[in-house]
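Subject: The structure, and some notes to go with it

Hi,

As promised, I'm handing this one over to you. Have a look first, then read on for what turned up in it.

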Amino acid sequence: SYVLGNFNIDLPHRSADQENEGKKISLKEVKPGDLVFYRRSPLGKVFHVSLVVSNGREGITVIHSVSRGVVEENISTSSYWKPKISSARNVISR
């Protein structure tokens, strides 16, 4: 919400609430500025969100805040994040 707020896009602060904003899109469709949401299990609650930086042949690169700080990483190749990917939303072109 902080980054997108700098572009006058208002979002709730909680990732679980952000998942109800904008338009649901497939992971294949994500573009820079879209949000990706994560769950620990298919029926679990959303516990994390990241902002897409790029989506190309190498996979989806996002920026997000984790225990080691704000990082940019490829979630398509991450053994930790990839199985937890739940959904994606376009919140810019609402």
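Let's start with a warm-up: is Arg14 buried or exposed? Arg14 is exposed, because its relative accessibility is 52% and the cut-off for exposed is over 50%. Before going further, please keep in mind that this is a predicted model.

**Salt bridges**

Arg14 is a handy place to begin, as it has a charged partner. Side chains of opposite charge can pair when their charged atoms come close. Searching the whole structure turns up three salt bridges, and here they are one by one.

Arg14 pairs with Asp17, and their closest N and O atoms are 3.0 Å apart. Asp17 has a relative accessibility of 30%, so this residue counts as partly exposed.

Another bridge joins Glu19 to Arg39, again with 3.0 Å between the closest N and O atoms. What I like here is that the pair ties together distant parts of the chain, 20 residues apart. Glu19 sits in the loop that runs from helix H2 (15–18) to strand S1 (23–25), while Arg39 belongs to strand S2 (residues 35–39). Are these two buried or exposed? Glu19 is buried because its relative accessibility is 14%, and Arg39 is buried too, at 19%. The cut-off for buried is under 20%.

The remaining bridge is between Glu73 and Arg68, with 3.8 Å from N to O. Its two ends sit in contrasting surroundings: Glu73 has a relative accessible area of 17% and is therefore buried, whereas Arg68 has 60% and is therefore exposed.

**The start of the chain**

Now go to Tyr2, which you will find in helix H1 (residues 2–5). Tyr2 is exposed because its relative accessibility reaches 67%. Together with Val3 and Phe7, Tyr2 makes a nonpolar surface patch of about 390 Å².

A little further on is the loop between H1 and H2, and Asn8 is part of it. Asn8 isn't a glycine, yet its phi is positive, at about 60°. With a relative accessibility of 72%, Asn8 counts as exposed.

Leu11 lies in that loop between H1 and H2 as well, but at 10% relative accessibility Leu11 counts as buried. If you want to get a feel for the distances, try Leu11 and Gly22: they are 11 residues apart along the chain, and their C-alpha atoms are separated by 9.6 Å.

**The largest pocket**

How big is the largest pocket? Its volume is about 370 Å³. The lining is made of 17 residues, and those closest to the centre are Ser1, Val3, Val49, Ile63 and His64. You have met Val3 already, as one of the residues in the nonpolar patch.

Several elements give two or more residues to the lining, namely H1, H2, strand S3 (46–56) and strand S4 (59–66). Which of them gives the most? That is S3, with four residues. As for the make-up of the lining, eight residues are nonpolar, eight are polar and one is charged.

**A few distances across the fold**

Three more residues are worth a click if you are finding your way around.

- Ile25 is in strand S1, and at 11% relative accessibility Ile25 counts as buried. Ile25 and Val91 are 66 residues apart in sequence, with 10 Å between their C-alpha atoms.
- Pro83 is in the loop between strand S5 (69–74) and strand S6 (85–90), and counts as exposed with a relative accessibility of 60%. From Pro83 to Lys24 you move 59 residues along the chain, and the C-alpha atoms are separated by 19 Å.
- Ile92 is in the segment after S6, and counts as partly exposed with a relative accessible area of 43%. Ile92 and Ser78 are 14 residues apart in sequence and 26 Å apart in space, C-alpha to C-alpha.

If you only have a few minutes, I'd open the Glu19 and Arg39 pair, which links distant parts of the chain, and then turn to the largest pocket, with S3 giving the most to its lining.

Happy browsing!

Key: Residues numbered from 1 in each chain as written. Predicted model: local features only at pLDDT ≥ 70, side-chain atom pairs only at ≥ 80, totals over all residues. Heavy atoms only, no water. Patch = residues over 30% accessible without salt bridge, like charges linked within 9 Å, V, L, I, M, F, W, Y side chains within 5 Å. Areas by Shrake-Rupley, 256 points an atom, 1.4 Å probe, with all protein chains shown as cover. Salt bridge = Lys/Arg side-chain N within 4 Å of Asp/Glu carboxyl O. Buried < 20%, exposed > 50% of the residue type's maximum accessible area, 1.4 Å probe, protein only. 1 Å grid on protein atoms, 1.4 Å probe; cavity = no way out; pocket = protein on both sides within 12 Å on 5 of 7 lines; lining within 4 Å. Points joined across faces, edges and corners; volume = space filled by probe spheres on them. Nonpolar A, V, L, I, M, F, W, Y, C, P; charged D, E, K, R; others polar.
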